[in-house]
Structures are given as C-alpha cells and as structure tokens.
Amino acid sequence: MSSHLIAIALTLLLLPAPALAGIKETVTKMAPSGLVLVLDEKGKELVARNADKPFVPASVAKVVTAWLAMEVLGGDYRFKTRFYIDGDRVLYVRGGGDPFLVSEEVALLAPKLLKATGKEPFTGMVLDASYYPADLRIPGIEDTDEAYDALNVALAVNFNTIHAVRRGKSVKSAEKQTPITPLAVSQFRKRGPKGRGRISLAQENPEVSVRYAGELIAAFIAKSGGSLKGEITTGSVPERLEPVYVHHQSRPLSEIVSQMLIGSNNYIANQLFLEIGAHRLGGPVSLEKSLKVANEILAEHGLAEAITIKEGSGISRDNRFSARGLATVLDRFAPNAGLMRRTRAGSRFKTGTFSGVRTLAGYAKTAKNGTVPFVISLPGRTGKLRFRLLRAIEQGL
C-alpha cells in the first residue's frame with residue numbers, strides 16, 4: 001500500500017463519525033480497485049464500489065455453507081457415530097461424517113460405549129467408513145501435509161490431523177488430551193516437521209486416517225477400563241447387526257458452524273457441505289448430491305446466477321460470487337450472525353484469504369444505520385486494509 005493510502009487510513013481511525021459523511025469518497029480513495037458493497041436493512045445501497053464484478057470469495061464461502069447447513073440440517077442437528085458388536089465381541093464402528101470427533105468427544109463416548117457393551121476385552125475392531133466413497137475428492141484440496149488440506153472421510157478424529165512434537169527419534173502428542181498412537185508416531189516421523197506441528201493424514205490412502213481413528217478410539221477405551229485384544233481393520237458392518245450404542249455429537253450443529261466460521265476450518269466446512277446432500281437425498285455422501293441440493297436452494301432464493309459454489313470451504317478458486325448475491329445470503333443468515341467473529345465495535349465478520357485475494361463480509365454495526373450487511377473484496381496483499389475499510393464503514397454510516 002502507498003504511503004498516501006496509509007495516511008488516509010490512519011486519519012480515518014482518528015476522526016469522529018461526523019467527519020466521515022463522505023464515506024463513498026473515502027472508500028474510493030482507500031480502495032479504488034476494490035469491491036465494496038453495503039446495504040441498509042431494506043436492501044438500499046449505502047456504498048457500492050465495483051459491486052457488479054464477480055469475485056473469488058476464498059473462505060468467505062463458508063458463510064454460504066453455514067447458511068445452507070442451518071437451512072437443511074437445523075441448528076439442533078447432531079452427527080452420529082454408531083457402534084455394533086457381534087457374538088465374538090468384535091466391535092464395529094460406523095462413521096457418520098462427524099466433523100467434530102475430537103479427542104474430548106472420544107473421551108466422552110468411550111465410557112458410554114463400555115456401559116452398553118460391558119468391559120470384557122473386544123476381540124477386534126472393524127472400521128466402516130463406507131458413508132464416504134473412497135474416491136471422493138474435493139476441488140481445491142491437494143495432497144499435502146498441510147492441515148487445511150485434510151481429507152474428508154466418514155470416520156476421522158481431530159479434523160483428520162495429527163498434532164505432535166518430534167525431538168530426534170522421539171514423537172509425543174502436542175495435546176495433553178490426545179494419547180499418542182503407533183500410527184500417529186509413524187506418520188509424524190515420516191512427514192512431520194522437526195519440532196512441533198500439525199499434519200494432515202495421507203490422501204493417497206484414506207484408510208490411514210480411518211485406522212488412526214480406530215487407534216484413538218481404542219486408546220480411550222483402554223483409559224476407560226476396557227481393552228482391545230485383536231487387530232484394527234477396515235470393513236463393513238454385517239447387515240444383521242443392530243447398533244448397541246449410537247453416539248450423538250455433544251455439540252449441536254449451531255456450535256459446530258460457529259467453530260467452523262471462527263476457525264475457518266476447511267475440513268469442517270466440507271464435512272457440513274457433504275452432509276447437506278446426504279441428508280436430503282440419502283447416503284452415501286457425494287459432492288454431486290450436495291451441489292444439487294445447494295443449487296436448488298440458491299435457485300429458490302433467486303441466487304442461481306449470483307452464487308457459483310464448487311465446494312463448501314472456499315478453497316477452490318472456481319467458486320464465484322457476486323457481491324449482491326452474497327449480501328442476500330447474509331440477509332438470510334442474519335438470525336445466526338452471532339455465530340461469527342466479532343470486532344470491538346460489535347460488527348460480525350468472516351475473512352477470506354488467497355494469494356492475490358483478500359475478502360471480508362458480514363454485518364457492520366454502524367453509527368447511524370444500525371447493523372447492515374457488507375461485502376469487501378480486495379486484490380493483492382491487502383489484508384489489513386479490509387479491516388480499515390470496515391472501520392470507516394462503522395464510523396461513517
């Protein structure tokens with residue numbers, strides 16, 4: 001940013017609201033090539049700068065996913081993981097795509113499972129992840145060790161990542177609530193950094209992440225007084241078996257959505273997006289089902305041309321939004337605005353960041369017009385400028 005623009009931005013932060021009457025001119029000076037749209041509660045334009053240009057939303061796409069999830073699933077929806085046991089005391093675990101099956105959640109379910117099955121040793125564990133097809137691929141997700149590229153699967157723990165510390169040949173968990181397992185050690189030795197870090201589990205073999213989930217479940221079974229004497233394998237639940245315990249995620253969907261928006265977690269976003277399609281059209285999940293349901297809902301709200309969505313997290317550069325289309329989604333999502341991150345002034349927002357793309361959208365708490373929806377998209381490396389623009393909108397409107 002030029003020294004001239006920096007001076008303007010800093011001056012704006014010091015001026016009282018009456019001095020910001022020329023908000024449109026201010027926005028033009030601060031971001032001449034940027035996209036800025038602010039509407040009042042009746043949909044009237046308060047500020048519109050390059051607002052008809054389609055833009056790549058980056059993680060702001062998660063706002064659309066959040067809205068769709070709340071529309072289709074409802075705020076009280078809870079993901080389920082089912083447990084079965086056969087006559088030989090083989091434990092079967094069927095994943096249901098729970099995006100928040102974290103260590104604390106497994107610690108909650110283990111004693112309940114043992115209460116339902118008894119504490120005699122299990123002779124084996126079979127993991128059924130068939131709710132998600134093995135060939136499922138999300139556009140924009142690459143085969144890397146980065147946590148934001150974690151693979152989406154039906155049965156995964158801790159967002160399908162391993163958080164550990166490596167010192168020499170020693171690998172230990174970086175989280176006191178998460179026991180270290182043999183597979184976690186081997187994967188971190190193979191692909192983890194020298195020191196503390198978080199890696200995604202291998203995408204070339206989805207079975208790796210499923211097996212890690214099984215190891216962690218077995219570790220918490222042991223901590224709760226049970227044991228597993230046999231092997232952990234993958235397979236299908238026999239048709240004749242009925243579940244002996246169904247674990248309902250302790251967090252309702254509304255809380256998961258909030259965590260997804262605040263943490264900007266790509267894995268959670270696409271787990272939610274995939275559940276949208278399966279919930280309406282039946283399992284197993286597929287990207288095609290979710291896109292069909294999403295596009296039907298967008299069309300119902302007159303947004304078929306305004307919102308092009310290819311996946312739920314915003315990691316794909318093929319997502320394309322119009323500012324007015326996103327503003328319409330924000331209007332529909334307004335009852336759930338409290339699930340988003342909050343500025344000191346009381347505005348709610350979601351950021352998006354790509355190379356060459358910086359976005360910001362949400363609800364600005366303004367001096368004269370109350371809380372109003374806004375959309376900002378800027379080129380280049382202008383992450384701080386988007387918040388200066390938001391501050392100018394808060395003070396000037």
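# Reading a predicted model, feature by feature

Just after helix α7, S264 takes a positive phi of about 50°.

Reader: Happy to start there! Before we go on, what kind of model is this?

Author: A predicted one, so please keep that in mind throughout. As for phi, most residues other than glycine have a negative value, and most peptide bonds are trans. That makes S264, with its phi of about 50°, a good place to pause.

Reader: Which residues does α7 bury?

Author: Helix α7 spans residues 253-263, and its buried residues are L253, I256, V257, S258, M260 and L261. The elements covering them include α3, α8, α10 (323-333) and β14 (348-354).

Reader: And G263, buried or exposed?

Author: G263 belongs to α7 too, but at 52% relative accessibility G263 counts as exposed, because the cut-off for exposed is over 50%. You can also find G263 across from a distant part of the chain: its C-alpha atom is separated by 9.8 Å from that of K350, although the two residues are 87 apart in sequence.

Reader: Back to phi. Where do A58 and R89 sit?

Author: Both are in loops. A58 lies between β2 (45-49) and α3 (61-72), and R89 lies between β3 (80-85) and β4 (90-94). A58 is not a glycine, yet its phi is positive, about 55°. R89 is not a glycine either, and its phi is about 60°.

Reader: Are these two loop residues buried or exposed?

Author: Buried means under 20% relative accessible area, so A58 at 1% counts as buried. R89 is at 14%, so R89 counts as buried as well.

Reader: You mentioned peptide bonds. Which peptide bond is cis?

Author: Look at the bond from G283 to P284: this one is cis, with omega near -5°. P284 is in the loop between α8 and α9 (287-300).

Reader: While we are at α8, what does N270 contact?

Author: N270 is placed in α8, which covers residues 266-281. Setting aside neighbours within four places in sequence, N270 is in contact with I138, N152, E311, G312 and S313. With E311, the side chain of N270 makes a polar contact to the side chain, at 3.2 Å. N270 is buried, with a relative accessible area of 0%.

Reader: Now for sheets. How should I read one?

Author: Strands of a sheet pair through backbone hydrogen bonds, either parallel or antiparallel. Then ask for the order of the strands. One open sheet here has 6 strands in the order β2-β1-β16-β15-β14-β13, with antiparallel pairing. Its edge strands are β2 and β13 (341-342), each of which pairs on one side only.

Reader: How many bridges join β1 to β2?

Author: There are 4 bridges between β1 (residues 35-39) and β2, and the two strands run antiparallel. To find one of them, start at V36: its bridge partner in β2 is R49.

Reader: Which helices pack on this sheet?

Author: Among them is α2, which touches β1 and β2, its direction making about 20° with that of β2. Another is α10, which touches β1, β2, β15 (357-366) and β16 (370-379). The direction of α10 makes about 145° with that of β16.

Reader: What is the order of the strands in the sheet of 3?

Author: That open sheet has the order β7-β6-β8, and its pairing is antiparallel. The edge strands are β7 (170-173) and β8 (196-200), each pairing on one side only. Ignoring direction, neighbouring strands of this sheet are turned by 40° against each other on average. Strand β6 (residues 161-167) pairs with β8 over 5 bridges, and H163 stands opposite R198 in β8. Helix α5 (residues 182-191) lies across β6, β7 and β8, running at about 70° to β6.

Reader: Last one: at what angle do α2 and α11 cross?

Author: The axes of α2 (residues 23-30) and α11 (residues 383-396) come within 10 Å and cross at roughly 170°. An angle over 145 degrees counts as roughly antiparallel, so that is how these two helices lie to each other. From α2, the residues I23, T26, V27 and M30 meet L385, R388, L389, A392, I393 and G396 of α11. The residues of this contact divide into 7 nonpolar, 2 polar and 1 charged.

Definitions and conventions:
Residues numbered from 1 in each chain as written. Predicted model: local features only at pLDDT ≥ 70, side-chain atom pairs only at ≥ 80, totals over all residues. Heavy atoms only, no water. Axes fitted to C-alpha atoms, helices over the stretch in contact; angles between N-to-C directions. Parallel < 35°, antiparallel > 145°, perpendicular 65-115°, else oblique. Contact = heavy atoms within 4.5 Å. Nonpolar A, V, L, I, M, F, W, Y, C, P; charged D, E, K, R; others polar. Buried < 20%, exposed > 50% of the residue type's maximum accessible area, 1.4 Å probe, protein only. Polar contact = N/O pair within 3.5 Å; in protein donor to acceptor, adjacent residues only side chain to side chain. Pairing = 2+ DSSP bridges.
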